[in-house]
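User: I've got this model open and I'd like to know what stands behind the labels people put on it. Can we go through them one by one?

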Amino acid sequence: SHAPTDGATRELREQTEKLLQRLGVETPPPGELSARTPITGRELITLRASDSAAVDAAITRAATAFRNWRTVPAPQRAAVVRRLAALLTAHQDELGELVTLEAGKIGAEARGEVQEMIDICEFAIGLSRQLYGRTMPSERPGHRLMETWHPLGVVGVISAFNFPVAVWAWNTAVALVCGDTVVWKPSEATPLTALACHELLRRAAREVGADPEVHQLIQGPAAIGEQLVDDSRVALVSATGSVRMGQRVAPRVAARFGRCLLELGGNNAAIVTPSADLDLTTRGIVFAAAGTAGQRCTTLRRLIVHASVAGPLLDRISAAYRQLRVGNPLDEGVLVGPLINERAYDGMRSALERALADGGELICGGERLEGPDEDAFYVRPALVRMPAQTAVVREETFAPILYALTYHDLDAAIELHNGVPQGLSSSIFTRDQREAERFLAADGSDCGIANVNIGTSGAEIGGAFGGEKQTGGGRESGSDSWKTYMRRATNTVNYSTELPLAQGIRFE
Ligand code: NAD
């Protein structure tokens, strides 16, 4: 009875093998790790997980490579990243397709994710000539006071399934120009895109005559990540994933005085005020809430809308939701692909049950659609009107559920907005400058990202990315995020023949 799906999965398997080949990845030996596609929910291929000895060896190789890499001038280190960008450009469609197969993203978003990799490479190349330290006026005559930024060491990158390649590039492109080496533990749900990135980077290194050992890949479940987290040779652990993961990782890294960069869950909201352009607002909301099937850390999950425009706005959103094509992300015109797995679907169903028990009214969506197989989970994005911000609304459910709440006065809206444990992304839709500025002010949004008249998702690489509170406080990607990947030395140079002491102290 599974004949059609078996056929479909067989086709996807062949497509996967072809893509891996074209990306220069040799078929890995079979093992206990299962690479699945959410398109049918079935296994594509299996591969070996790294055992403890392999993790240890990878860290050793990265630590050894660091000793030389840190002395290569930063603009020369950038050559690897420049070559990587060229390879990514040449293979954009193939890597994008692999992201679709493995993570279920629609083609446009998958290619966009690879574009984001190319963008951060370009940023990192420029950055390699701008790793500026400051020179400050010394209080002592004949002295110079300055700071120098040095490479930090081995960076452990732990990444989530939903941005299987971009988050790696954000970290790796910057870490490499900063003179660090990288050990990457990708999500166990996306081992194939990881193989492809690893291969492209090593090829880039070889082609420019750099040491390919600057990048190491380890594969497997959380326990493999824990070994990376606990190893004191790993100077920085940059971890992207759930709050639960961060709660386990942060204390372990702190116990050995390592450095942590945490990019954890969000529970992002948009405030819609009476002056909002409802047409633009609707489009912004639909992309942010339903795009990527609600599986972005910046997905819009809460709508806080002024009571006077709630009716028309919710009508427009539900009309747009009914038009959304949900289905196979390889098909042209589909805007919403599958959930990553059954656990994600169970999470969505139980959140909807709780919301309804709290007095929520399901306006539209939420139902599972007939997929190609019982192991594939396709859902219609849900819009739920809530009487209050109850416990389920304050949690991140990693699926397309948009909770709508109403407000009467902006102060109360901002209270509601900030009344959740997470603090990643936020938006206000308004044409009133006072309201917009209030939202961006110190007593406005408490998130790491605060937008006006665009949705919560879809950040550019030029800015620093990350959030406050349970989102973990880390910042990566653009702006001065590079500083987390380097160590700062403060230098005082005395070029005089005297030895004056700071603070005017006399010691004689
Ligand atoms: P997850 O927490 O289940 O896994 C993320 C990664 O952490 C995986 O590689 C996993 O193996 C590893 N991991 C889990 N427990 C670990 C431990 N104790 N020690 C070491 N490693 C461990 O998350 P997921 O389901 O893959 O991704 C979805 C979550 O990620 C959502 O909460 C989403 O908001 C978040 N996310 C955040 C950002 C961001 O930049 N803030 C970006 C993407 C995703």
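Here is a run through those labels, each with its cut-off.

Analyst: Two ground rules before we start. This is a predicted model, where local features need pLDDT of at least 70, side-chain atom pairs count only at pLDDT 80 or more, and totals for chains, interfaces and linings use all residues. Residues are numbered from 1 along each chain as its sequence is written.

User: How do you know what confidence the predictor has in the protein?

Analyst: By pLDDT, the predictor's confidence in each residue on a scale from 0 to 100. The protein averages 97, and 99% of the residues score at least 70. For the complex, the predictor gives an ipTM of 0.98 and a pTM of 0.97. As a general caution, where pLDDT is low, the predicted coordinates should not be read in detail.

User: What makes a residue part of the shell around the ligand, and which are the closest?

Analyst: The test is distance: the C-beta atom, placed from the backbone, has to lie within 6 Å of the molecule. 29 residues surround the ligand, with Ala160, Gly225, Gly241, Glu263 and Cys297 the closest. Helix H8 (222–230) and helix H9 (243–255) each supply at least two shell residues, and H8 gives the largest share, 4 residues. Helices here are DSSP runs of H or I with at least four residues, strands are E runs of at least two, and both are numbered from the N terminus.

User: How does that shell divide by residue type?

Analyst: Into 13 nonpolar, 10 polar and 6 charged residues. Ala, Val, Leu, Ile, Met, Phe, Trp, Tyr, Cys and Pro count as nonpolar, Asp, Glu, Lys and Arg as charged, and the others, Gly among them, as polar.

User: Why is glutamate 263 classed as it is, buried or exposed?

Analyst: Count C-beta atoms, placed from the backbone: 20 or more others within 10 Å of a residue's own means buried, 12 or fewer means exposed, and in between is partly exposed. Glutamate 263 has 30 such neighbours inside 10 Å, so it counts as buried. This residue sits in strand S9, and an unreviewed UniProt entry annotates Glu263 as "active site". UniProt positions follow the numbering used here, feature names are shortened, and annotations may be inferred rather than shown by experiment.

User: And what class does arginine 349 get?

Analyst: Partly exposed, because it has 16 other C-beta atoms within 10 Å. Arginine 349 lies in helix H12 (residues 342–357). Its C-alpha atom is 9.9 Å from that of isoleucine 401, 52 residues apart along the chain.

User: What's odd about phenylalanine 257?

Analyst: Phenylalanine 257 has a positive phi of about 55° although it is not a glycine. You'll find it in the loop between H9 and strand S9 (259–263). With 7 other C-beta atoms within 10 Å, phenylalanine 257 is exposed.

User: Where does threonine 292 sit, and is it buried or exposed?

Analyst: Threonine 292 is in the loop between helix H10 (278–290) and strand S11 (300–306). Its phi is also positive, about 55°, and it is not a glycine. Here the count is 27 other C-beta atoms within 10 Å, so threonine 292 is buried.

User: How do you know that the length of helix H6 agrees with its residue count?

Analyst: The expected span is 1.5 Å times one less than the number of residues. For H6 (residues 166–177), 12 residues should span 16 Å, and the end C-alpha atoms are 17 Å apart, which agrees. H6 is mostly covered, with 12 of its 12 residues buried, among them Trp168 and Trp170. Glycine 179 follows H6 and has a positive phi, near 90°.

User: What makes strand S18 a partner of strand S10?

Analyst: Two strands pair if DSSP finds at least two bridges between them. S10 (residues 268–272) and S18 have 4 bridges, in the parallel sense, so they pass that cut-off. Alanine 270 has serine 427 as its bridge partner in S18. Another 4 bridges join S18 to strand S19 (residues 449–452), also parallel, where serine 427 stands opposite asparagine 451.

User: Which residues cover the two faces of S18?

Analyst: Ser425, Ser427 and Phe429 are on one side, Ser426 and Ile428 on the other, and all are buried.
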